[in-house]
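Here is a friendly walk through one chain, from a single helix to the whole fold and on to a spot on its surface. Please have a look at the model first.

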Amino acid sequence: QNMEHISVFDIIKIGVGPSSSHTMGPWRAAQEFVALLEKEDLFNKCLQINVELFGSLAKTGKGHGTDIAIMMGLSGIDFRNMAATAIEETIKEININQKINVGGKRILAFEPEEQIIFHFTQDLPGHPNSMRFSAYFENQEPTLKTYYSLGGGFIQASDEAVDNGRSACALRLESAEEIAVLCAEKKLSFAELILEKEQTWSSKEEIRIQSDQLFKVMLETVYQACHKTGILPGGLEVSRRAAVLNQKNLKSRDYNNAAEWMKEISKSATDFEMVLQWVSTFSLATNEENASFGRIVTAPTNGAAGVIPAVLLYLLCFGKTNKDTVRDFILVAGEIGALFKKRATISAAMGGCQAEIGVSSAMAAAALTACKRGTVEHCLMAAEIAMEHHLGLTCDPVGGLVQIPCIERNSMGAIKAITASNLALQSDPANAKVSLDSVIKTMWETALDMNARYKETSEAGLAINIAVNVPEC
């Protein structure tokens with residue numbers, strides 16, 4: 001699943017909850033299948049579309065909203081710019097009328113319970129997250145297409161190589177060692193090197209605009225969740241906590257918008273314990289929105305979406321910043337995520353939660369270190385420390401939902417990232433015994449050795465030891 005020419009904006013991007021691999025990936029695959037029918041002049045001849053889910057997509061698909069995502073994708077709705085009410089309205093209409101408006105252009109009969117098929121005991125050999133789309137016609141053979149959801153919203157057709165359509169980049173950063181060598185040769189900081197790489201595809205101003213847009217969504221997500229109470233959907237009866245923590249810590253302070261809210265937070269944190277509470281609040285808020293099919297920033301996945309915003313907001317509220325802080329943070333974080341994507345995995349179905357929370361923690365640790373003026377060696381050391389202490393972390397979501405232990409786990413990942421950064425900045429990287437490249441290799445080897453039941457199947461761990469009353473998966 002290695003991919004050349006990965007941009008940081010492929011790793012960190014606007015998404016929709018609750019899962020990048022089980023929601024965003026199938027959503028995109030459904031859109032691509034509809035586009036394929038149109039490209040091959042089959043769209044207006046199609047009489048029926050069936051979808052089959054295999055492996056982890058079947059086992060935890062209901063909890064992750066995979067069936068909902070597929071119906072949204074087949075309907076031609078884009079999660080990046082849809083209305084907030086689009087999911088509820090579209091799915092309700094499909095279920096009531098037993099019809100689907102494919103691509104927003106052609107209405108077909110559609111019975112979700114019959115035409116989205118969960119193969120709970122069957123895997124396809126290509127990937128644990130596999131799905132097969134079938135289009136049927138009156139007088140010709142059906143069109144079949146199998147897709148793999150690779151994690152982080154990346155998908156791949158089984159009969160095609162991964163190609164994100166980007167042009168070749170002169171800076172092919174395939175390892176942490178190469179990054180360090182190039183920074184030394186070019187006399188550039190980590191962020192400056194990645195800025196040069198990204199200018200292969202975008203102008204400097206476009207990169208700033210993309211970075212600012214990502215932060216805007218991160219902040220809006222956290223701010224909105226810090227003002228919502230109630231129970232998360234799915235049947236686990238998990239209460240929202242971010243709003244409770246926000247109210248408790250700000251008490252009667254007044255603010256009118258997210259920017260003023262951040263200023264009040266900066267004033268409120270007078271001790272270490274309060275800072276810790278805010279870091280947890282930021283991460284919990286993001287993942288509560290994610291669990292509710294809300295708009296979030298995938299970084300590098302949805303299940304781990306709370307770590308990057310929590311550490312970035314920690315830096316902006318309590319640290320020394322400059323006008324390039326947000327851009328530099330995203331550039332460095334994204335490039336660390338790209339290393340894991342190319343040399344290991346960011347899919348929990350492939351590697352357990354070490355591939356999600358572990359990677360996001362490493363990304364955040366390196367980015368925080370860069371924004372605190374650490375050298376490239378300090379940044380790589382911080383990423384290594386963060387991942388080293390997530391090795392072997394399993395993915396065992398209770399009820400197949402991205403809630404327990406996923407929401408709290410983001411808070412843990414954020415705190416570990418901050419700790420890893422502090423340790424790296426107080427250390428001499430020349431004395432490090434473990435390199436980032438070696439820990440990435442170790443993470444992949446651990447993923448290969450890990451029992452499949454601990455890879456987003458809900459067949460082991462907390463998923464079978466916690467008594468819950470949730471819908472059958």
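Arg373 has a positive phi of about 70 degrees and sits just after helix H17. Keep in mind that this is a predicted model, in which local features need pLDDT of at least 70, side-chain atom pairs count only at pLDDT 80 or more, and totals for chains, interfaces and linings use all residues. Residues are numbered from 1 along each chain as its sequence is written, and side-chain values use heavy atoms, leaving out hydrogens and water.

Helix H17 covers residues 357-371, and its end C-alpha atoms lie 21 Å apart, in agreement with the 21 Å that 15 residues should span at 1.5 Å a residue; that expected span is 1.5 Å times one less than the number of residues. Because 15 of its 15 residues are buried, H17 is largely enclosed by the rest of the structure. Buried means under 20% relative accessible area, exposed over 50%, and partly exposed in between (1.4 Å probe, protein chains only).

Now for the chain as a whole:

| Property of the chain | Value |
|---|---|
| Buried share of the 473 residues | 60% |
| Accessible surface (Shrake-Rupley method, 1.4 Å probe) | about 19,500 Å² |
| Carbon and sulfur share of that surface | 49% |
| C-alpha span along the principal axes | about 70 × 55 × 45 Å |

The chain has 21 helices and nine strands, which are DSSP runs (helices H or I, at least four residues; strands E, at least two) numbered from the N terminus.

Finally, Ile466 lies in the segment after helix H21 (462-465). Ile466 counts as partly exposed because its relative accessibility is 36%.
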